[in-house]
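Please examine the sequence together with the three-dimensional structure before reading on. The paragraphs after them are meant to be followed with both in view.

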Amino acid sequence: MATLVQFDFPAQGPWGAEMSTAYAGLADDIATAPGLRWKIWTENAETQMAGGIYLFDDLESAQAYAEMHTARLQSFGVTDIRALFFEVNEELTRTTRGPLGA
């Protein structure tokens, strides 16, 4: 069953276009994660929070990625990292036009 992961953590920026430039290499690396269908990058300069919404093929892939990515974020000095896991009801998601494919 597809698994959605929501990551969020405190961040000091960069934001917007500067974030796109600064993290282009990281995005390329994330795109190769086993079982990853897609990621939506999230940022909120006002609340100083960043993160992402990820869709994985299965819970095992999602958990393996979360463990690796948490360690990576911690190596950057990021603390207070939160990762939430949700099973996706694909039938209802299709009805409401949710993105399920790669």
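The text below moves from the overall fold to the sheet, then to the helix packed on the sheet and to the pocket.

The structure is a predicted model. Its chain contains four helices and four strands. Followed along the sequence, these elements appear in the pattern β-α-α-β-β-α-β-α. As to overall dimensions, the C-alpha atoms fill a box of roughly 40 × 25 × 25 Å along the principal axes. The radius of gyration is 14 Å, which agrees with the value near 13 Å that a compact globule of 102 residues would have.

The four strands make up an open sheet in the order 2-3-1-4, and their pairing is antiparallel. Strand 2 (36-44) and strand 4 (82-87) are the edge strands; each has a single partner strand, so one side of each is left without a neighbour in the sheet. From one strand to the next, the twist averages 15 degrees.

The pairing of strand 2 with strand 3 can be followed residue by residue. Eight bridges join strand 2 to strand 3 (residues 49-56) in the antiparallel sense. Leu36 is placed opposite Phe56 of strand 3, while Glu43 has Ala50 of strand 3 as its bridge partner. The two strands form a hairpin, with four residues between them. Within that turn, Gln48 adopts a positive phi of about 60 degrees. In viewing any of the strands, it helps to recall that side chains in a regular strand alternate between the two faces of the sheet.

Which helix packs on the sheet, touching strand 1, strand 3 and strand 4? This is helix 3 (residues 59-75), and its direction makes about 15 degrees with that of strand 1 (3-10).

The last feature to consider is the largest pocket, whose volume is about 290 Å³. Its lining consists of 19 residues, and those nearest the centre are Phe9, Tyr23, Ala50, Leu73 and Val78. Among these, Ala50 is also the residue that bridges to Glu43 in the hairpin. Several elements contribute to the lining: strand 1, helix 2 (24-30), strand 2, strand 3 and helix 3 each provide at least two residues. What is the make-up of the lining by class? There are 13 nonpolar residues, five polar residues and one charged residue.

Taken together, helix 3 packs on the sheet, and helix 3 also supplies residues to the lining of the largest pocket, as do strand 1, strand 2 and strand 3.

How values were computed
Residues numbered from 1 in each chain as written. Predicted model: local features only at pLDDT ≥ 70, side-chain atom pairs only at ≥ 80, totals over all residues. Heavy atoms only, no water. Pairing = 2+ DSSP bridges. Axes fitted to C-alpha atoms, helices over the stretch in contact; angles between N-to-C directions. Contact = heavy atoms within 4.5 Å. 1 Å grid on protein atoms, 1.4 Å probe; cavity = no way out; pocket = protein on both sides within 12 Å on 5 of 7 lines; lining within 4 Å. Points joined across faces, edges and corners; volume = space filled by probe spheres on them. Nonpolar A, V, L, I, M, F, W, Y, C, P; charged D, E, K, R; others polar. Rg over C-alpha atoms; globule rule 2.2 N^0.38 Å.
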